[in-house]
Structures are given as C-alpha cells and as structure tokens.
Amino acid sequence: MYGRVLKYTAIPNSTFSTNWSELNRIAASGLNRGLPDLFIILKDKTCVWIEMKRPRKVLKDGSLGGSPSNTRPDQIEWVVLLNQLPNTKAAITYGYDEAIRFLTTLIGDVSTPETTHEEANKRIADFSSFIQR
C-alpha cells in the first residue's frame, strides 16, 4: 500500500469541548466542522478523504446494525462536495475494515511482483495502526 501512497495525515478536528474559550480558539483557527478525519495523496495524484466512524455492530442474525457514531449533515456535505472535485475520492467508513476496503478499491491489490504477501500484510498492519490512532 505504501508504494502507492505519497503522503497521508490525520486531521486534528476533534472539536468536542465544553470550554467556551477552547471552542472559540478552535473556530478562530479556521477549522470547519465536518472535514473528514484522514487525508491521503496517492502517487497517481488522487486525493482521498476518509471520515472514520465507529464500526457498526453485528447483530445476532449476522446482519449489520447501526453505528454508535452518528453521521452529521456537515460531514455528509463535505464528502458530497469533495467527491465532485477532479481526482478526489471521499467516503464515510465505519471502522478500520471498511476504511481498508475503501482504500483497496482505489489502490487495488496491495501486493506487487516485487512485494511478498508477508510484506504487503505488514504494510497494511502499519497503515492500519495509523488509521486506528
């Protein structure tokens, strides 16, 4: 996966606070609510934005239930807008597995002829630990 990722970062947009001075400081810094949590630039110059939500619960019948994280309208608005930009893909994903599946659809198989299956799994694990932070 790293072979196809140029740069990535987490957006420090965790804005929950009951302290008004802290909320005013965050607002003054220019941070807008709803901006996705992860930003990734692929080597093909595709920009990827991922809003991470807690995973959906698996119900007793094996189907997926709701997520303990609510998706706010401003988060949906950002993802819709970002997907209208050229060379940009954005998604709201529920848990690490869904985020990795989304990235895999964009990047393709993470193993290459010069990368062993074990190396590819290690790269996924490294990237996974980054996403879970």
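Two strands pair if DSSP finds at least two bridges between them. In this predicted model, strand S1 (residues 5–10) and S2 meet that condition, as five bridges join them and they run antiparallel. Within this pairing, Tyr-8 stands opposite Ile-40 in S2.

**The sheet**

S2 also has a partner in S3: the two strands pair in the antiparallel sense over four bridges. Ile-40 takes part here too, with Val-48 as its bridge partner in S3. Another residue, Ile-41, stands opposite Cys-47 in S3. Four residues lie between the strands in the hairpin of S2 and S3, and in this hairpin Lys-45 has a positive phi near 75 degrees.

The opposite residues named so far are set out below.

| Residue | Residue opposite or bridge partner |
|---|---|
| Tyr-8 | Ile-40 in S2 |
| Ile-40 | Val-48 in S3 |
| Ile-41 | Cys-47 in S3 |

What is the order of the strands in the open sheet? The four strands follow one another as S1-S2-S3-S4, and the pairing is mixed. S1 and strand S4 (88–94) are the edge strands, each pairing on one side only. From one strand to the next, the twist averages 15 degrees.

**Helices on the sheet**

Helix H2 (residues 73–83) packs on the sheet and touches S3 and S4. The direction of H2 makes about 150 degrees with that of S4. Helix H3 (residues 96–107) lies across S1, S2, S3 and S4, and H3 runs at about 155 degrees to S4.

**The aromatic pair**

A pair of aromatic rings is described by the distance of the centres and the angle of the planes. Rings count as a pair if their centres lie within 6.5 Å, and by this rule there is one aromatic pair. The pair consists of Phe-39 and Trp-49, with ring centres 4.4 Å apart. Why is the pair of Phe-39 and Trp-49 tilted? Planes under 30 degrees apart count as stacked and those over 60 as edge-to-face, the rest being tilted; the planes of Phe-39 and Trp-49 are at 40 degrees, so the pair is tilted.

The pair links distant parts of the chain, with Phe-39 in strand S2 (residues 38–42) and Trp-49 in strand S3 (residues 47–53), 10 residues apart.

Are Phe-39 and Trp-49 buried or exposed? Buried means under 20% relative accessible area. Phe-39 has a relative accessible area of 19%, so Phe-39 is buried. Trp-49 has a value of 14%, so Trp-49 is buried. S2, the strand that holds Phe-39, is mostly covered, with four of its five residues buried.

Technical notes:
Residues numbered from 1 in each chain as written. Predicted model: local features only at pLDDT ≥ 70, side-chain atom pairs only at ≥ 80, totals over all residues. Heavy atoms only, no water. Phe/Tyr/Trp six-rings, centres within 6.5 Å; stacked < 30°, edge-to-face > 60°. Buried < 20%, exposed > 50% of the residue type's maximum accessible area, 1.4 Å probe, protein only. Axes fitted to C-alpha atoms, helices over the stretch in contact; angles between N-to-C directions. Contact = heavy atoms within 4.5 Å.
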